[in-house]
Amino acid sequence: MKHQLTSLLGSALALVAATTVEARTIEVAAGDDAQTRLQEALINAQPGDVVRIGPGTFRLTDGLSLDVDGVTVRGAGIEQTILDFSGQQGAGEGLLVTSDDVVLRDFTVRDTRGDGIKSKNADRIVYLSLRVDWSGEPRTTNGAYGIYPVESEYVLVDGVTVRGASDAGIYVGQSRHIIVRESTAVQNVAGIEIENSYNADVHDNLATGNTGGILVFDLPGLPQQGGHSVRVFDNIIVNNMTPNFAPAGNIVATVPAGSGVIVMANRDVEIFDNEFDGNGTSNIMITGYRYGSTPADYQPMPMRIRAMGNRHGRAGFQPGLPGGAEMAQAFGGSLPPVMWDGAGTDIRIADDVAALTLNLPDLAQPVSAASPAPVDLSGEANWPRVAAVVLPASMEAAAAAP
């Protein structure tokens, strides 16, 4: 009995000791062996720890990874802490996170061979005050995604800048409960993309100089389909005229240069109070999925899409669609700011601008069969508004922390 009591007491003391260990700050300075020292810090971190990356340029030759819950990875600021992957040997991402309750903040990731920062199955992740970029002019050989959370629940992207991604600057895929705010996407193929995701708010961002500004897509063949309940509001979406530099075969390689917002095969999407200008194809484009056969459980049509209160500047003056120049000529030199392919139901545009339909309600119809004409989409929207996304208080607290 005495032995049992001693053993129980020992276990209890060990548990108390484990639960009262204070969170640590693990400092990593620039210099020799930065690759090894930084990766070791990420491996040795415990829940609650902060891995603080000091100022300077960290020249890295391989990707980094974090698989510990509850860790904050913090730099000295996006101008001070540079993770330079120009010498990366492999083709993977710069930083891969596969754990929950992680905060990434205040550093720059540059010139990765693959994606910039990826998180997968990482719930309640916060991307805060980060920059991901690729040097030089936009190139097909740049990494696909800058900020790349996927298959996660509760995602916050706040105060992030991405430049040069050959797919999407900020991409959130197959996730739920998402906020992308106060961020900048410039000279990417897609500035910000919400794909196969549920419940997303994209607001107060700047999307400029991309091929397409903001995309809300749903694609077949992915574990999570049926994207819905996305709000795009209070953004500045201007001058997205960069020629498409996505690798051939990529779905975004079909995005016409000059696209402001594109909604494809999604439902319950609201686009409101945005500022549009200088998008040569269209400020708002709504379309079905028109890329061949689809599985039976995939819904390829857009449904319950509405736009209201947006401010439209110049649009449609240089359409990047096949036959776009001829269509623009037929409409007096430029296309209307809103374009719909004619597929789907409950499309409502309350903005005081003209809209164009391609009159292709059947997704099997080729674009060459288009019969463009003005369309009145101003009818009343008789379905509920999309609810705002609310993140856990711990995530908002992390974003508000100095």
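Strands, as named in these legends, are DSSP runs of at least two residues, numbered from the N terminus. The model shown here is predicted.

**View 1. The whole protein, with its four helices and 32 strands.** Let us start with the full chain. Its C-alpha atoms fill a box of roughly 90 × 50 × 40 Å along the principal axes. The radius of gyration is 23 Å, which agrees with the value near 21 Å that a compact globule of 402 residues would have. Buried residues make up 54% of the 402. If you look at contacts between residues at least 6 apart in sequence, 61% of them join residues at least 24 apart.

**View 2. The surface and charges of the protein.** About 16,400 Å² of the protein is exposed, and carbon and sulfur atoms supply 52% of that area. There are 26 positive and 46 negative side chains, and the centres of these two sets lie 3 Å apart.

**View 3. Helix α4, residues 393–400, and its buried side.** Here you can find three buried residues of the helix: M395, A398 and A399. They sit on the same side of α4, because they cover an arc of only 100 degrees around the axis. The buried residues pack against four strands, namely β8 (103–110), β10 (125–133), β12 (153–158) and β15 (176–181). Turn to the face pointing away from the buried side, and you meet the exposed residues A393 and A400.

**View 4. A370 in the loop between β31 and β32.** This loop joins the strand at 355–357 to the strand at 373–374. A370 has a relative accessibility of 24%, so it counts as partly exposed; the buried class ends at 20% and the exposed class begins over 50%. Beyond its neighbours within four places in sequence, A370 is in contact with L358 and L360. L358 is 12 residues from A370 in sequence, yet their C-alpha atoms are 5.1 Å apart in space.

**View 5. Q174 in the loop between β14 and β15.** Most residues other than glycine have a negative phi. Q174 is not a glycine, but its phi is positive, at about 50 degrees. The residue comes after strand β14 (168–173), in the loop that leads to β15. Q174 is buried, with a relative accessible area of 9%.

**View 6. S229 in strand β21.** Our last stop is another residue with a positive phi: S229, which is not a glycine, has a value of about 60 degrees. S229 is found within a strand that covers residues 228–233. With a relative accessibility of 13%, S229 counts as buried.

Definitions and conventions: Residues are numbered from 1 along each chain as its sequence is written. This is a predicted model: local features need pLDDT of at least 70, side-chain atom pairs count only at pLDDT 80 or more; totals for chains, interfaces and linings use all residues. Side-chain values use heavy atoms; hydrogens and water are left out. The radius of gyration is taken over C-alpha atoms; the globule rule is 2.2 Å times the number of residues to the power 0.38. Buried means under 20% relative accessible area, exposed over 50%, partly exposed in between (1.4 Å probe, protein chains only). Contact means heavy atoms within 4.5 Å. Accessible areas come from the Shrake-Rupley method with a 1.4 Å probe; for residues, only the protein chains shown count as cover. Lys and Arg count as positive and Asp and Glu as negative; His and the chain ends are not counted. The place of a charge is taken as NZ of Lys, CZ of Arg, CG of Asp or CD of Glu. The arc is that of the directions from the helix axis to the C-beta atoms.
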